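Biologist: Please take me slowly through a single part of this model, the one that does most to line its empty interior space, and show me how that part fits with what surrounds it.

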Amino acid sequence: MKYYLLLPIALVVFLTSCNETTEKGFNAQYIHNFTVDIPAGATEATFSQEELIDVLSNVDISEVQDKITRMEFREIQYKVWEYEGDQGSKVSGAIKVNANDDTNIFNFNMAEDSLVVLNLEQAHRFITVDDAAKEAIAAALKSDKKIKIAVNGMVTETPVHFVLQVITDVRAYAEIEL
């Protein structure tokens with residue numbers, strides 16, 4: 001009997017039975033628009049808001065959620081736009097990244113700056129995040145699939161209206177079958 005004819009069939013059966021996997025990355029960008037409206041004569045010219053980032057709101061990441069091996073926090077940036085108010089008004093404050101349980105992981109202090117100047121800038125300002133904070137944010141994303149972005153601050157003149165846009169970029173890595 002010619003057993004060499006069975007060799008290709010056995011090879012095909014063997015190769016199709018192997019579950020080979022590879023790591024694949026999935027990028028996601030989360031855009032948060034914090035609208036600040038402080039009327040004239042307000043007793044306090046401060047603002048404080050918070051939004052949740054749920055990485056599973058990204059369809060691609062949601063589809064592989066049980067296969068995620070690691071998360072990477074890539075960058076965070078901000079921009080002021082839609083400013084209406086006094087030409088001399090300035091803003092200062094903080095942009096924070098908190099774990100889902102409200103534990104603060106990273107804090108960026110915004111130095112006092114003109115709202116008019118910030119509004120006129122075309123580009124977003126990138127925030128430097130050290131490696132230890134990136135790793136802590138990534139760990140929080142991997143364990144809870146959620147983090148919180150919080151903004152707070154004060155303005156020097158009222159009335160004001162502006163949008164403080166915060167953009168975060170993350171990458172999820174998952175083991176995908178070939």
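**A strand beside a cavity**

Modeller: Strand 3 (residues 68-85) supplies the largest share of the lining of the largest cavity, namely 3 residues. Strands here are DSSP runs of E with at least two residues, helices are runs of H or I with at least four, and both are numbered from the N terminus. The model is a predicted one, in which local features need pLDDT of at least 70 and side-chain atom pairs count only at pLDDT 80 or more, while totals for chains, interfaces and linings use all residues. Residues are numbered from 1 along each chain as its sequence is written, and side-chain values use heavy atoms, with hydrogens and water left out.

Let us stay with the cavity for a moment. A cavity is a set of points, on a 1 Å grid over the protein atoms alone, where a 1.4 Å probe fits but cannot get out, and its lining residues have an atom within 4 Å of a point. The count comes to 1 cavity of 30 Å³ or more, and the largest has a volume of about 30 Å³, where volume is the space filled by probe spheres set on the points, with grid points joined across faces, edges and corners. Its lining is made up of Y78, K79, V80, L118, E121, A123 and R125.

Two of those lining residues, Y78 and R125, also face each other across a strand pairing, since Y78 stands opposite R125 in strand 6. Strand 3 and strand 6 pair in the antiparallel sense over 3 bridges; two strands count as paired if DSSP finds at least two bridges between them.

Strand 3 has another partner, strand 8 (residues 160-177), to which it is joined by 14 bridges, again antiparallel. Along this pairing, I68 stands opposite A174, M71 stands opposite A172, and E84 stands opposite H161, so you can follow the two strands in opposite directions by reading these pairs in turn.

Now the wider sheet. Strand 3 belongs to an open, antiparallel sheet of 4 strands in the order 1-8-3-6. At the edges are strand 1 (21-38) and strand 6 (125-127), each of which pairs on one side only. The twist averages 20° from one strand to the next, the axes being lines fitted to C-alpha atoms (for helices, over the stretch in contact) and the angles running from 0 to 180 degrees between N-to-C directions. Helix 4 (residues 131-144) packs on this sheet, touching strand 3 and strand 8, and its direction makes about 105° with that of strand 3; touching, or contact, means heavy atoms within 4.5 Å.

Strand 8, the neighbour of strand 3, is also joined to strand 1, by 18 antiparallel bridges, and in that pairing I38 stands opposite V160. Strand 8 is mostly covered, with 15 of its 18 residues buried, where buried means under 20% relative accessible area with a 1.4 Å probe, protein chains only.

V166 is a residue of strand 8 that repays a closer look, and it counts as buried because its relative accessibility is 0%. The C-alpha atoms of V166 and I76 are separated by 7.1 Å, although the two residues lie 90 residues apart along the chain. Leaving aside neighbours within four places in sequence, V166 is in contact with Y30, I31, H32, F34, I76, Q77, Y78, I95, I149 and V151; Y78, in that list, is also one of the residues lining the largest cavity.

Another sheet completes the setting: an open one of 4 strands in the order 2-7-4-5, with antiparallel pairing. Strand 2 (46-54) and strand 5 (104-114) stand at its edges with a single partner strand each, so one side of each is left without a neighbour in the sheet. Strand 2 is joined to strand 7 (residues 146-155) by 9 bridges, and E51 stands opposite I149 in strand 7. I149 appears among the contacts of V166 as well.

Stepping back, the protein has 4 helices and 8 strands, and 39% of its 178 residues count as buried. Among its contacts with a separation of 6 or more, 82% involve residues 24 or more positions apart.

Note on methods. Buried < 20%, exposed > 50% of the residue type's maximum accessible area, 1.4 Å probe, protein only. 1 Å grid on protein atoms, 1.4 Å probe; cavity = no way out; pocket = protein on both sides within 12 Å on 5 of 7 lines; lining within 4 Å.
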